[in-house]
Amino acid sequence: MAVNCTYTPTKQADISMNIKDLTNGKKVKKNQFFEWEGSAILDTFINVLGKNIEIQFDNGRILGSDFASAYIQMLQIASVQSMAWIQLSKDLALKQRDLDMKDNANVTEFCIKNRKADMEEAVAQRQIDGYDDNIGIKLLQTQFDAFSMIFSSGMVDLGDGDNALGPLNRSNLTETYNSLATRFPSHPKYKKK
């Protein structure tokens, strides 16, 4: 599972109340009558409930005297339900934002734990490398001490060719130093020029 460990802020939830969320309708004249047209939530409720009241009136289930009362009740119901619908959508936006924030927090915690584990591993590896470096440095020091003892005793053969400097050549000082120096390629003190 690939996890993106860069922080991305959680999108702000839109909880503002805009009248266009409730209605975007307008009065429209069709033939000789006016009608209300719109596509927002209140407009949709009014259209659906209004058409149903008209059907009930046309079928004789609602009488003329009850039509106005039924229509007013329908408008009240549509208004209340529209506001409830909008409130629900705002609550859902807040809950989604909360979930996104928790998810971001979990990802961030996961990334921090992984980074910490990587750093602990790097520290442990550096400690191991440090022990190895210490052994190499002690070997080099021992070789220098041995050479100093040999040189001061007068046992060094300053001959020519492969046997030049005798024991100094056989002690591999150059190879030991070079192997240690390459262990520190990024350290300016040991960088080869």
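Read along the sequence, the protein follows the pattern α-β-β-α-α-α-α. That order reflects a total of 5 helices and 2 strands. The model is a predicted one, and everything described here is computed from its atoms. Of the 193 residues in the protein, 18% count as buried.

A good place to begin is the N-terminal part of the fold. Ile19 has its place in helix H1, where this residue is exposed, with a relative accessible area of 53%. Along the chain, Ile19 and Ala40 are 21 residues apart, and their C-alpha atoms are separated by 9.5 Å. Helix H1 (19-22) and strand S1 (26-30) are joined by a loop that holds Thr23. In contrast to the exposed Ile19, Thr23 is buried, at 17% relative accessible area; the cut-off for that class is under 20%. The side chain of Thr23 takes part in a polar contact with the side chain of Asp43, at 2.5 Å. A polar atom of the Thr23 side chain also lies 3.1 Å from the backbone nitrogen of Gly25.

Moving on to the strands, the loop between S1 and S2 contains Asn31. The backbone of Asn31 has a positive phi of about 60°, although this residue is not a glycine. Asn31 is exposed, with a relative accessible area of 77%. In the same part of the sequence, a charge and a ring come together: Lys27 lies over the face of Phe34, at 4.5 Å from the ring centre.

The largest pocket deserves a closer look. The space in this pocket comes to about 290 Å³. Strand S2 (33-37), helix H2 (41-58) and helix H3 (64-153) each supply at least two residues of its lining. Helix H2 gives the largest share, with 6 residues. Among the lining residues are Glu35, Trp36, Glu37 and Gly38, together with Ile46, Asn47, Gly50, Lys51 and Glu54. Asp43 also belongs to the lining, and this is the residue whose side chain is in polar contact with the side chain of Thr23. By residue class, the lining divides into 4 nonpolar, 3 polar and 5 charged residues.

Two aromatic residues, Phe67 and Tyr71, are also found in the pocket lining. The aromatic pairs in the protein come to a count of 2. In one of them, the ring centres of Phe67 and Tyr71 are 6.3 Å apart and the planes lie at 20°, so the pair is stacked. The cut-offs behind this reading are centres within 6.5 Å for a pair and planes under 30 degrees apart for stacking. Phe67 and Tyr71 are separated by about one helical turn because they are 4 residues apart in helix H3. Phe67 counts as partly exposed, at 25% relative accessibility. Tyr71 is likewise partly exposed, with a relative accessible area of 33%. Phe57 joins Phe67 and Tyr71 to form one aromatic cluster.

Taken together, these details link several parts of the model. Thr23, from the loop between H1 and S1, contacts Asp43 through its side chain, and Asp43 lines the largest pocket. Phe67 and Tyr71 line that pocket too, and both belong to the aromatic cluster with Phe57.

Methods: Residues are numbered from 1 along each chain as its sequence is written. This is a predicted model: local features need pLDDT of at least 70, side-chain atom pairs count only at pLDDT 80 or more; totals for chains, interfaces and linings use all residues. Side-chain values use heavy atoms; hydrogens and water are left out. On a 1 Å grid over the protein atoms alone, a cavity is a set of points where a 1.4 Å probe fits but cannot get out, and a pocket is an open set with protein on both sides within 12 Å along at least five of seven lines; lining residues have an atom within 4 Å of a point. Grid points are joined across faces, edges and corners, and a volume is the space filled by probe spheres set on the points. Ala, Val, Leu, Ile, Met, Phe, Trp, Tyr, Cys and Pro count as nonpolar, Asp, Glu, Lys and Arg as charged, and the others, Gly among them, as polar. Rings of Phe, Tyr and Trp (its six-membered ring) pair if their centres lie within 6.5 Å; planes under 30 degrees apart count as stacked, over 60 as edge-to-face and the rest as tilted. Buried means under 20% relative accessible area, exposed over 50%, partly exposed in between (1.4 Å probe, protein chains only). A charge sits over a ring if NZ of Lys or CZ of Arg is within 6 Å of the ring centre and within 35 degrees of the ring normal. A polar contact is a pair of N or O atoms within 3.5 Å; within protein, one must be able to donate a hydrogen and the other to accept it, and residues adjacent in sequence count only if both atoms are side-chain atoms.
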